[in-house]
Structure formats: C-alpha cells, structure tokens
Amino acid sequence: MPVFAKMSESRLVDMGLSNYWGYNPISFMAPEPSYALHDAVTEFKTMVRELHRAGIGVIMDVVYNHTAEGGHGGPNVSFRGFDCRNYYVYELNQDKSVNYLATTNVTGCGNSFNASSEPGLRIILDSMRYWLTEMQVDGFRFDLAVTVARETTPYVFNSFETHGTFFKACHADPVINKCILIGEPWDIGGFGYRVGQFPSQWSEQNDRYRDTVRSFWRGDQGKMGDFATRLLGSRDLYPKNIRSINSSVNFVSYHDGFTLEDVVSYNDRHNEANGEHNRDGTSNNISYNWGEEGPTKNPSILRKRAQVKRNMLASLMLSQGIPHFVAGDEIGRTQNGNNNAYCQDNEISYVHWDLNQSQKNLRDFVSLLTRIRTGSKVFTDLQLKGDNFRHQAGVQHDVDWYHPNGSLLEDGDWASPVSQAFMLDIGEHRENGERYIILFNASRYDICFHLPDADEDMAWSVIMDTSEENGIPDRYGDEKGLIPVCCSLCMKLLKQVDKKLVKYSYKQLSPAVRVNDESELPGSLGVSVNTRMIECVARTVADHQKEIGIVLPKGILSSLSRTNKNK
C-alpha cells in the first residue's frame, strides 16, 4: 500500500469512512503522519534499515497517476494551487484548445497527473530519487502506471507511449535506472490495457496469470494450454530474448479484489459496507464457493476450499516469474466477500493473528513452498535453450510436457476442451542435476500418472502434495509406494534425487508391503505397481474408469476392472 501523505474523500468522511488504502495522495515526498508514532520520516528510515538487516527488500507502492484534489471543484490543497495547468491533464474543446474546467480522468479518481509536462515529470523524478537515496527503498510499484506513461503533445493527446518521455527519463537517470520498477499496466482510459507492452527494464503485474490460475483450479475446461503458458513465464506476453522470463509479476489475489480465502468461499461480491449498494468492485471474480456462500461448517466443503487454496499457492510459487502475495493470504485472511475494501479501516481489512489449526497448516504449507522455491535454480533462474536475454554459460534446463499416461503432449492436445490433467518435467537431465516433475490434476477423480524415467542412478521422490493439509507427502508418498498417484483437484511435486537416498521409490516395490501383496503387474506396462496401489486407486476411481481410460496405462486399467469386479 502507498505511504504518501494522503486525505480521504469528503464523500467517505460524510459516511463515517476513510480512504484506508491511501491511494489518494496530497504529496509525493512526505510519508503519511498517521502511520507513525512520533516522527514519520525517522520511523520510516528505521523500518527500512531493519528490514534490510533482515535481508528483506523494500518496494514502495507509489501513486503518481492522480492526487486527492479530484476534478474541477475539488479541494485545492497542493498541486492545483501551485501550477494547475502543468500538473494535470485537461480535456480539449472541439477547436483543440484546452478546457481548463474539465480535468481528464483516466484514473477513476477525478484527475490525471501530467507526467509529460516538464514540471510534472520533474517532481515525479525528484520524488523517486528522494525515496531511493534519502529513504533507501529498493524500488517502486506504480499504481495505474499507464497513466504516468501517457503523453500529451501537439501531435498526440494523452497517449500511452512505450518509449515515451517518462520511460526514457527513468532509464537515463543514474539513480533510478538501478532500482526495481514494477508497473500496474492499465488504467480506465482509452486503450488503457497495456499488459506486456512496457520496456524490458520493467516487470508488470500480470492479471492474465490470476484469471487463468483461478479458472483452471475452479475446474473450467479448456484452460490447460493457457495454464501451462502462465507456468512458464507467460511468454506470449513477454517474448524470449526481448523480455526477461521474470518480467511477469504473478498473483492469484491482490488488494483490490477477493482475498485468496474469499476466492474459494464466495461466488459474488458482498460490498454493502462500502455504502454504494454493492455496486462498486468488480463482478468478474472467477471464484467458486464449493457449495455454500461464505462461512460454512461443512467438512467436505472446507476440505475442498483448503485444497484449492494450496493448489493456487503452489502454482504461484512454482511458476516462472515473480510471485506476489497479499498480506494474510498465507493464513487464510477473509474480508467476508468484500472485494473493494479501500474504505474499511476496521475488522474487514485487519489481519488477525490468533490462528486456528487450519490457518497454521496453511502457514506451514507456504513455508514449505518458500523453502522449495528459494532453494531452487529451476524455479528462480530457468535457463532455456534459445532464450538469451540473461543466459548463464554452462547451464541449460529442459522442459517436457506429458499426458498422465506418459505420452508426450502434442500441439493439438493443448486445445482439448476437456483435458484437465498433465505433467511437467523441468530441469537438468544429468546425474545430480536439479530436475522436477509436477503433476497437475484439476479433474474430479484421482489419477495414477505414468512417470518419465529418472536419470541414471537417480530416483523420483515426492516433496510436496497439496492433498495434505501441510503439503508434506503422506498418503501418496514414497513410503506408501504410491508416488505416481495424484488426488483429484491436486498438485504434486517430485524431485530427482540420488537413488541411494530414497528408501522407497517409483518403479521399486516397497518391502513394507506384506509378501502376499507384492505381486507385480507384467513388465510390459512400463511401470511397476503393487496390489496395494491398485486397490487404493480402485477405491477412488471405481465409478470413473470409462472417463479416465485415456490417462491410465492399459495394464493398470485392466487391473482396476478386475479389482472392482471382485468386490
């Protein structure tokens, strides 16, 4: 959230509310006094220093696209009093003269700050340098960044320019060009949606990622190809050799929308507390409540909600790009269905730290994902053949996509309207190389995957399973001999490890199974499966064999049929 000094709209004050988020600045260089105990400047500097000591970077959310002065007739508290003609963009009359009584509003906040004028651009750049040098922040996330990059000249009016004045000034400045720059690549003006169109030095919020991940794990069909594209850095938006594979800032929830908990708990927004008769906030939430709207005590619904949350978090942390969390998503924070809580300085917005067991499990699951990601080059610095944007000599990762039955996915398979399960093989194909397999199953039935071979002297070991409350593999883990089984609505992560380190592995019968249960299926299947595995799968797919025949090796399918007939 922003930290610029701010003020609330008079409309909110009249209703007894306030602009809690702070996207209504009156100064670009002063920290908000109400956030401090005594001295906002000193306390902000101290906060940044202590975060840096803990190894945490500080990226500021900045609002340079509009101010709290609103449109014509709004309060005159800062910029309008100094130089109203140069600090704001105004509409044009029919004769192309400027109408100073009508501020251009591509922000939805009454005015648009003029970053293409010399005074407007100067104060933005001065502000950025101030926060970087004096306050020691590490970078910026620009709210409605398209507005800041719009230009008004004798030749264009309020037009977004990828290589315009603002971007050039940032890249030419010796202080600013070394910091982190993240843009929200849209505003509400004409041609305001600009995802994938920022300069290569910038990263961008990727709402296509959010929408696709939500749709896939909601069970929407025909999303598999788009979902796979998002996993590998959204290269349709950020082309290789031109943009970094980490250009995409991935997220499944953001402050202006449902929290992750509410994505799986509500079908519709519930913004009555905002005083606008539930008309504000988006109606396109791509959410699903799994049976009941809002809070429930139904254990089946609660299990599904928890598992889908883990799926979306795992997808986020194992995707190429920069993962972005909303505060509280890691502990299941809810806003009770309010997807636009900008004016709620109360229990709706607050983070509650008295956690129940389910919230503690989710927190532990996020900790597990964080350890996996931070300990991996594959998930943080993928080096693919043909992508030379930031090539690292001597390292090359490979990516292969498979059907659950072990056959390679072909181009035409991605457009299938019904496919909801697939397998990603990613990493280095060599001894001791970092290599993973991720199993994705968005269907409503369990699937036994046919895994590709591990490299010589290596074996597959399960390190994460979203069907478990804390993500630690248990029911379908190594010791159960059920490594390739993936539950319905589930993700599973397997890592290639030294075979000597794995007591029980795929294609290796478990000595823990009783001798009379250890009969193997014929070797022609290409997969070793013991009777206990067959019975386990049979129990969960007894009513779905016809539907899932395409994803199971034929030998396993026939054994399932025999097992169920004997019951």
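These are my notebook entries on what I looked up in this structure, which is a predicted model.

**Entry 1: the whole chain**

I started with the overall counts. The protein chain has 14 helices and 17 strands. Of its 567 residues, 54% are buried. I then looked at contacts with a separation of 6 or more, and found that 65% of them are between residues 24 or more positions apart. The accessible surface of the protein chain comes to about 25400 Å², and carbon and sulfur atoms own 51% of that area.

**Entry 2: the parallel sheet**

Next I traced a sheet. Six strands make an open sheet with parallel pairing, and I read their order as β1-β4-β7-β8-β9-β10. At its edges sit β1 (59–62) and β10 (322–323), each of which pairs on one side only.

I picked one pair inside that order for a closer look. β4 pairs with strand β7 (residues 180–183) in the parallel sense, over 4 bridges. Which residue of β7 is the bridge partner of F140? I found L181 there.

**Entry 3: helix α6 and what it packs on**

β4 came up again when I turned to helix α6, residues 165–172. Here F166, F167, A169 and C170 are buried. They lie on the same side of α6, because they cover an arc of only 165° around the axis. The face turned away from that buried side carries K168 and A172, both exposed.

What do the buried residues of α6 pack against? My list reads α4, β4 (139–142), α5 (145–148), β5 and β6.

**Entry 4: a nonpolar patch**

β5 and β6 led me on to the loop between them. F157 has its place in this loop, with β5 at 150–151 and β6 at 159–160. Together with L92, V98 and Y100, F157 makes a nonpolar surface patch of about 300 Å².

Is F157 buried, partly exposed or exposed? I put F157 down as partly exposed, because its relative accessibility is 31% and the partly exposed class runs between the 20% and 50% limits.

**Entry 5: salt bridges**

I moved on to charged side chains. As a reminder to myself, side chains of opposite charge can pair when their charged atoms come close. The structure holds 24 salt bridges, and I looked up three of them, starting in a helix that I had already met as a packing partner of α6.

- D126 and R129 meet in a salt bridge at 2.6 Å, N to O. Both lie in helix α4 (residues 118–133), 3 residues apart, which is about one turn of the helix. D126 counts as partly exposed because its relative accessible area is 30%. R129 is partly exposed too, at 26%.
- D143 and R141 form a salt bridge at 3.7 Å, N to O. I found both D143 and R141 buried.
- R363 and D364 form a salt bridge, with the closest N and O atoms 3.5 Å apart. R363 is partly exposed at 36% relative accessibility, and D364 is partly exposed with a relative accessible area of 35%.

I also checked for shared partners. Salt bridges that share partners join D61, R141, D143 and E184 into one network.

**Entry 6: strand β13 and its neighbours**

My last stop was strand β13, residues 435–441. How many of its 7 residues are buried? I got 7 of 7, so I noted the strand as mostly covered, with buried meaning under 20% relative accessible area.

The side chains gave me two sets. R435, I437, L439 and N441 point one way from β13, while Y436, I438 and F440 point the other way. Every residue in these two sets is buried.

I then wrote down the strands that pair with β13. Strand β12 (residues 421–427) runs antiparallel to β13, and 7 bridges join the two. R435 of β13 is the bridge partner of G427. Strand β17 (residues 490–498) also pairs with β13 in the antiparallel sense, over 6 bridges. For L439, the bridge partner in β17 is K492.

To close the page, I put two residues of β13 side by side: R435 is the bridge partner of G427, L439 is that of K492, and R435 and L439 point one way from the strand.

Key
Residues numbered from 1 in each chain as written. Predicted model: local features only at pLDDT ≥ 70, side-chain atom pairs only at ≥ 80, totals over all residues. Heavy atoms only, no water. Buried < 20%, exposed > 50% of the residue type's maximum accessible area, 1.4 Å probe, protein only. Pairing = 2+ DSSP bridges. Patch = residues over 30% accessible without salt bridge, like charges linked within 9 Å, V, L, I, M, F, W, Y side chains within 5 Å. Areas by Shrake-Rupley, 256 points an atom, 1.4 Å probe, with all protein chains shown as cover. Salt bridge = Lys/Arg side-chain N within 4 Å of Asp/Glu carboxyl O. Arc of directions from axis to C-beta. Contact = heavy atoms within 4.5 Å.
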